[in-house]
Amino acid sequence: MSGPESSATPQRSTSPNSAEHPWPVRTVNTKIADWIHRLGQIWVEGQVTQISRRPGTRTAFLTLRDPAADISISVTCSPDLLARSEVPLTEGSRVVVLGRPSYYTGRGTVSLRVSDIRAVGIGELLLRIERLRQLLAAEGLFDSRLKRPLPFLPRAIGLISGRASAAQHDVVSVATDRWSAVRFDIRETPVQGPTAVARILTHLAELDAHPDIEVIVIARGGGSVEDLLPFSDEALLRAVSRCVTPVVSAIGHEPDNPLLDLVADLRAATPTDAAKRVVPDVEAELAGVEDLRRRSAQALRNWVRRESGVVASLRARPVLARPGVLVDQEAGGVAELVRALRRDVVRHIDAEERRREHLAARLSTLGPAQTLARGYAVVQRTDTPDPHVVSTLADVPAGAELRIRVADGAAAARVTESPSAPRSARPAGAREPSAPRTRRGDS
């Protein structure tokens, strides 16, 4: 492979490399080839994007591409190796090859000379998808709490689909029929094959950064498992999970379930279903608004009718129909209470008047004037500094001046002789004066 150039190593190659002693191109290529050839045989997985088989030649040329990046490598093999493959290889097939890297010093190119090609079968693809699903589920990329809600009426919708595809037509036509003013930013891209993932990632990043795009729809029609592989690619799934804008997955038909359906914020069964769920139906919304207006108006009329009945019922009550009835009914009670109060006051006054008269009578009977009227007198001694009523004979010695008050007036008197001694001091045999006669009623 290295050719005669590899054996003819110039002597200058061992000299130090510098501006004064540069290496020729053949030396550089030879050293690069030595390093590449040390890699040995390796297994490589990729997607076939080009197959060139020229009749009569001993070499077939292929291009193997990384499904998740815009990177490819040239592959050479024997045409018989392609013919012996159990599964016919076509452009877009996923393969695993065993080869040795080779560097062609004459052209300065690298290729992979393969000795074994194995097509990745459906079972192996499904197993890899299942392992990826479990990995992403463990990381939480499918968590429903991460799903972003869709706006009711997005200003603009980003659509990633195939060029002039039926999926693109379904989304645009259905959405336009539902809301004629809807705006789309359509990005056409391959939806299968080795370049699909890289192109979809580019458009997804551009739409997510656009300030007017509020929803991104990734749409594609149905297909086989191999056709839908780009929508189960790990790089695409992680990019969708990082998007700020809600992403709707509209891949294939109802039975098709790429992993994009689990990561997207909304999974639509078909592209038509995606258009229905992203864009509201203007006629249905207007009909709903009209129905709400009609129901609210009917509810308001019912409320007014019900409240009017309540008001009429209140007005029909006697207390509101004839407010004076209550006053008239209570006026009779008030008048009766006034009469009872007057009777009680008069009775109380009469009782107090009788009690006063009784007390006055008693006071008159017990007063000094009545006593004097019955013949009694009040004797006062007036010749002392402190005039006082005489109550004993000891208070009226001979020569004492007295004032005697009777019923019709008073008279002054003087004691001319000492009063008689008490009965106990009279000598034996002395005659006791007879007691004065008293009138009936004297005390």
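In this predicted model, S161 is found in strand β6. The residue is buried, with a relative accessible area of 0%. Beyond its neighbours within four places in sequence, S161 is in contact with Q168, R187, E188, T189, V191 and A219. One of these contacts, E188, lies in β7 and stands opposite S161.

Strand β6 comprises residues 156-161 and runs parallel to β7. Five bridges join the two strands. Both belong to an open sheet of five strands, ordered β7-β6-β8-β9-β10. The pairing in this sheet is parallel. Strands β7 (184-188) and β10 (266-267) form the edges. Each edge strand pairs on one side only.

Helices α5 and α9 both pack against strands of this sheet. Helix α5 lies across β6, β7 and β8 (213-220). The direction of α5 makes about 175 degrees with β7. Helix α9 touches β6, β8, β9 (247-251) and β10. Its direction makes about 165 degrees with that of β8. Strands β6 and β8 are thus named in the packing of α5 and again in that of α9.

The two helices also meet each other. Helix α5 spans residues 166-178, and helix α9 spans residues 271-278. Their axes come within 8 Å. The axes cross at roughly 30 degrees. Angles under 35 degrees count as roughly parallel, and α5 and α9 are therefore roughly parallel to each other. The crossing of α5 past α9 is right-handed.

On the α5 side, the contact is made by A167, D170, V171, V174, A175 and R178. On the α9 side, P271, T272, A275 and K276 take part. Six residues of this contact are nonpolar, one is polar and three are charged. Among the charged residues are D170 and R178 of α5 and K276 of α9. The polar residue is T272 of α9.

A further strand pair is formed by β13 and β14. Strand β13 covers residues 401-406, and β14 covers residues 409-414. They pair in the antiparallel sense over six bridges. V406 has G409 of β14 as its bridge partner. The hairpin that joins β13 to β14 passes through two residues. The antiparallel pairing of β13 with β14 contrasts with the parallel pairing of the five-stranded sheet.

Definitions and conventions: Residues numbered from 1 in each chain as written. Predicted model: local features only at pLDDT ≥ 70, side-chain atom pairs only at ≥ 80, totals over all residues. Heavy atoms only, no water. Axes fitted to C-alpha atoms, helices over the stretch in contact; angles between N-to-C directions. Helix = DSSP H or I, 4+ residues; strand = E, 2+ residues; numbered from the N terminus. Parallel < 35°, antiparallel > 145°, perpendicular 65-115°, else oblique. Left-handed = near helix turned anticlockwise from the far one by under 90°. Contact = heavy atoms within 4.5 Å. Pairing = 2+ DSSP bridges. Buried < 20%, exposed > 50% of the residue type's maximum accessible area, 1.4 Å probe, protein only.
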